[in-house]
Amino acid sequence: MADESTTNPRLGRFVETAVGGEIASAFVPPPLPPDPPIDVLSLLDRLSLAERAVGRLDGITMLLPRQELFLYMYVRKEAVLSSQIEGTQSTLTDLLRFETEAQAGQPIDDVREVSNYVDAMMYGLHRLQELPLSLRLIREMHARLLQSGRGGTKSPGEFRRSQNWIGGTRPGNAQYVPPPVNELDPCLDALEKFMHEDRSRLPALIKAGLLHVQFETIHPFLDGNGRIGRLLVTLFLKVHGVLHSPLLYLSLYLKTHRGDYYRLLQEVRERGAWEPWLEFFLDGVAETANQAFDAATRIVGLFKEDRERITAESERAGSALRVHDLLQQNPFLTANLLVERTGLSAPTVNAALADLERLGVVEEVTGRRRGRVFGYRRYLAILGEGTDPLPAQQDQTPGG
């Protein structure tokens with residue numbers, strides 16, 4: 001394959017690197033855009049479907065009565081899914097109950113990792129208002145991602161200074177060995193330049209797909225590469241105006257099709273097969289945007305239906321509607337939190353919760369007499385679709 005790279009400039013080069021007393025063959029990708037250029041014509045149908053689906057999603061989010069609320073919840077769903085791909089077993093319920101200071105069902109490290117991902121994502125979106133999408137921003141988000149828990153020893157916010165690998169027990173039997181440390185800076189500089197170039201005139205969705213693979217191929221961190229690489233897609237599309245609200249997250253699609261995902265990444269490295277990867281990526285964008293559109297529509301309908309039912313059937317509609325309003329912002333709440341946030345008395349809040357339970361809007365989830373936690377059942381069901389953890393033996397992708 002190294003010989004072929006002299007005739008096919010899409011292929012990278014292999015360099016020998018010494019790691020732990022053995023010599024491994026590490027891969028150095030060529031800079032983007034690919035040469036020969038991407039066959040955009042062969043991708044036009046898929047590109048059109050993906051752009052239409054993203055536009056439709058962007059349109060409905062503009063019409064949502066509580067856009068920030070949908071973003072708040074969708075970001076959390078993405079955090080759970082993206083972390084599951086890397087091996088955490090936390091669910092959306094675990095994260096939301098953790099944030100409500102309720103009893104967490106999963107090991108605290110797992111929930112902390114997901115919570116850190118939410119923090120890194122929101123931080124990156126906020127920083128884009130004052131900083132361009134850049135290596136600096138990527139490092140800052142990485143520092144937030146690994147700020148506590150198991151990632152704390154993996155150089156948070158720093159590009160790696162040692163060799164890493166994917167699959168296998170050591171570089172010698174690894175499935176893939178990313179560029180050695182002395183090749184890292186040129187690879188990352190070229191990646192940053194590609195983020196900002198416009199000479200290739202490639203559509204933003206195609207550029208986002210190229211950037212994701214290149215970032216995963218460079219694998220510049222000791223840990224957190226998968227999560228940052230997936231987040232990079234959304235940030236890039238936001239910067240380039242494809243998304244006004246950052247609601248396109250591919251983790252559910254990649255989790256569902258992870259075998260194809262890893263195979264296609266490797267085929268880009270081994271054969272320069274960018275077009276098959278981009279077909280898969282654009283299909284994923286369309287499917288993901290359509291799923292998010294469907295979820296947004298159903299959530300808006302659910303809130304409306306429940307408001308109407310409370311108004312018509314509740315014996316204390318005023319206080320029940322105030323509780324319902326807060327449950328939209330956080331689908332797990334305790335009576336104490338509701339007293340604090342609504343200003344209503346404890347007896348009034350408890351009576352409203354009993355009414356909402358009778359109407360089937362909320363259910364108590366702990367089974368305890370004291371410190372009870374109430375969940376907005378049907379809302380959680382829509383949000384939680386696809387967020388069951390992966391089987392433990394299939395979930396690991398080193399360097400994620």
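**Annotated sites, a one-sided helix and unusual backbone geometry**

In an unreviewed entry, UniProt places the feature "binding site" at Glu-86, His-219, Asp-223, Gly-224, Asn-225, Gly-226, Arg-227, Ile-228, Gly-229, Arg-230, Tyr-261 and Tyr-262. Of these residues, Arg-230 is included in the lining of the second largest cavity. The model examined here is a predicted one, and the positions from the record were looked up in it.

Two neighbours from this list, Gly-224 and Asn-225, sit at a junction of loop and helix. Gly-224 belongs to the loop between helix H7 (204–218) and helix H8 (225–239), whereas Asn-225 is found in helix H8. Gly-224 has a relative accessible area of 0% and is therefore buried. Asn-225 is likewise classed as buried, because its relative accessibility is 0%.

His-219 deserves a paragraph of its own. Besides its place in the "binding site" feature, His-219 carries the UniProt feature "active site", again from an unreviewed entry. The residue lies in the loop between H7 and H8. Its relative accessibility is 4%, so His-219 counts as buried. The backbone is also worth a look here: His-219 has a positive phi of about 45° although it is not a glycine. Most residues other than glycine have a negative phi.

A second residue with this kind of backbone is Arg-201, whose phi is near 55°, a positive value in a residue other than glycine. Arg-201 is located in the loop between helix H6 (181–196) and H7. With a relative accessibility of 75%, Arg-201 counts as exposed, while His-219, at 4%, counts as buried.

Peptide bond geometry adds two further points, both involving proline. Most peptide bonds are trans. Leu-32 and Pro-33, however, are joined by a cis peptide bond with omega of about 0°, and a cis bond with omega of about 0° also joins Asp-35 and Pro-36. Pro-33 lies in the loop between strand E2 (22–28) and H1, and Pro-36 has its place in the loop between E2 and H1 as well.

Further along the chain, Arg-66 occupies the loop between helix H1 (40–63) and helix H2 (67–85). Arg-66 counts as partly exposed, because its relative accessibility of 22% falls between the cut-offs of under 20% for buried and over 50% for exposed. Leaving aside residues up to four places away in sequence, Arg-66 touches Asp-325, Gln-328 and Gln-329. Arg-66 and Val-300 are 234 residues apart along the chain, yet their C-alpha atoms are separated by 9.1 Å.

Helix H13 (residues 335–342) offers a clear case of sidedness. Its buried residues are Ala-335, Leu-337, Leu-338 and Thr-342. Viewed down the axis of H13, these residues fall within an arc of 155°, so they line one face of the helix. The face turned away from this buried side carries the exposed residues Asn-336 and Glu-340. Among the elements covering the buried residues of H13 are helix H12 (317–329), strand E3 (332–334) and helix H14 (346–358). Just after H13, Gly-343 takes a positive phi of about 80°.

Notes:
Residues are numbered from 1 along each chain as its sequence is written. This is a predicted model: local features need pLDDT of at least 70, side-chain atom pairs count only at pLDDT 80 or more; totals for chains, interfaces and linings use all residues. Side-chain values use heavy atoms; hydrogens and water are left out. Helices (H or I, at least four residues) and strands (E, at least two) are DSSP runs, numbered from the N terminus. Buried means under 20% relative accessible area, exposed over 50%, partly exposed in between (1.4 Å probe, protein chains only). Contact means heavy atoms within 4.5 Å. UniProt positions are given in the numbering used here, feature names are shortened, and annotations may be inferred rather than shown by experiment. On a 1 Å grid over the protein atoms alone, a cavity is a set of points where a 1.4 Å probe fits but cannot get out, and a pocket is an open set with protein on both sides within 12 Å along at least five of seven lines; lining residues have an atom within 4 Å of a point. The arc is that of the directions from the helix axis to the C-beta atoms.
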